[in-house]
Amino acid sequence: MHIRNLNEKVAMRITIDITPDTTLNELKANFAQYFPYLKWEFFRRPHLHHQGSPKKELIEENAKMQSVSDQINKNHIEFHDSTSVQDVEKLLWDSFGLSVQVFRKSGNLWLETTVTDQWSLAYQNEQGRELSEQFDRKK
């Protein structure tokens with residue numbers, strides 16, 4: 001018999017629908033509904049481990065999936081808030097050939113999560129919330 005600690009959080013499952021006509025902006029908005037202190041940016045090539053992506057490689061937000069990926073292997077992406085940033089980035093690459101970089105809000109800036117890619121999405125989002133609230137209190 002397993003007794004669950006009442007303080008133990010149950011992982012939230014996130015499902016984002018994707019069609020050939022889905023725009024990158026729609027993907028970003030769907031992700032932001034779950035993680036308001038994180039955002040996705042899409043790039044033409046994957047970034048190296050613990051390195052950022054060059055801004056010149058950024059893909060336009062209004063681009064449709066059919067124009068940026070020829071491997072739409074499924075009609076949705078599914079992960080949990082306990083999933084690490086690096087695993088979500090790999091999932092998008094493996095499933096759709098999309099190179100994504102997760103950014104975390106820090107006050108009025110967005111920072112690439114390159115050195116904290118092993119953190120879960122929930123933890124990254126919480127850190128972004130705390131940093132942004134501290135910034136807002138200092139204004």
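1. Helices, as the word is used in this note, are DSSP runs of H or I with at least four residues, and strands are DSSP runs of E with at least two, both numbered from the N terminus. On that basis the chain of this predicted model has 4 helices and 5 strands. Along the sequence these elements follow the pattern β-α-β-α-β-α-β-β-α.

2. Two overall figures describe the packing of the chain. Of its 139 residues, 37% are buried. Among the contacts with a separation of 6 or more, 66% are made between residues 24 or more positions apart.

3. Strand β3 (residues 76-80) shows an alternation of side chains: I77 and F79 point to one face and are buried, whereas H76, E78 and H80 point to the other face and are not buried. In a regular strand, side chains alternate in this way between the two faces of the sheet. Strand β1 (residues 13-17) pairs with β3 in the antiparallel sense, over 5 bridges. Within this pairing, F79 in β3 is the bridge partner of I14.

4. The aromatic residues deserve separate comment. The structure holds 5 aromatic pairs. The rings of W40 and F79 form a pair that counts as tilted, because their centres are 6.4 Å apart and their planes stand at 50°. This pair links distant parts of the chain, with W40 in strand β2 (residues 38-43) and F79 in strand β3, 39 residues apart. W40 has a relative accessible area of 0% and is therefore buried; F79, at 3%, is buried as well. Another pair, W119 and Y123, is edge-to-face, with 4.8 Å from centre to centre and 75° between the planes. Here the burial state is another matter: W119 is partly exposed at a relative accessible area of 25%, and Y123 is partly exposed at 42%.

5. W40 and F79 also belong to one aromatic cluster, which they form with F31, F35 and F42. A ring also takes part in a contact with a charge: the charged end of K39 sits over the ring of F103, 5.7 Å from the ring centre.

6. In helix α1 (residues 24-34), the residues L24, L27, K28 and F31 are buried. Seen down the axis of α1, the buried residues fall within an arc of 95°, so they line one face of the helix. F31 is also a member of the aromatic cluster described above.

7. L27, in helix α1, has a relative accessibility of 0% and so counts as buried. Leaving aside residues up to four places away in sequence, L27 touches I16, D17, I18, T22, W40, F42, M65 and L98. W40 and F42 in that list are members of the aromatic cluster. L27 and E61 are 34 residues apart in sequence, while their C-alpha atoms are 9.3 Å apart in space.

8. The structure holds 7 salt bridges. One of them joins the side chains of E41 and K28, at 3.1 Å from N to O. This pair links distant parts of the chain, E41 lying in strand β2 and K28 in helix α1, 13 residues apart. Are these two residues buried or exposed? Both E41 and K28 are buried. K28 and E41 are also linked with K39 and E61 in a network of salt bridges. K39 is thus named in two settings, since the charged end of K39 sits over the ring of F103.

9. Two further salt bridges lie within helices. The side chains of K90 and D94 meet at 2.5 Å, N to O. Because K90 and D94 are 4 residues apart in helix α3 (residues 85-96), they are separated by about one helical turn. D94 counts as partly exposed, at 42% relative accessibility. In the second case, E133 forms a salt bridge with R129, the closest N and O atoms being 2.7 Å apart. E133 and R129 both lie in helix α4 (residues 121-138), 4 residues and about one turn apart. E133 is partly exposed at 33% relative accessibility, and R129 is partly exposed at 26%.

Terms used:
Residues are numbered from 1 along each chain as its sequence is written. This is a predicted model: local features need pLDDT of at least 70, side-chain atom pairs count only at pLDDT 80 or more; totals for chains, interfaces and linings use all residues. Side-chain values use heavy atoms; hydrogens and water are left out. Buried means under 20% relative accessible area, exposed over 50%, partly exposed in between (1.4 Å probe, protein chains only). Two strands pair if DSSP finds at least two bridges between them. Rings of Phe, Tyr and Trp (its six-membered ring) pair if their centres lie within 6.5 Å; planes under 30 degrees apart count as stacked, over 60 as edge-to-face and the rest as tilted. A charge sits over a ring if NZ of Lys or CZ of Arg is within 6 Å of the ring centre and within 35 degrees of the ring normal. The arc is that of the directions from the helix axis to the C-beta atoms. A salt bridge is a side-chain nitrogen of Lys or Arg within 4 Å of a carboxyl oxygen of Asp or Glu. Contact means heavy atoms within 4.5 Å.
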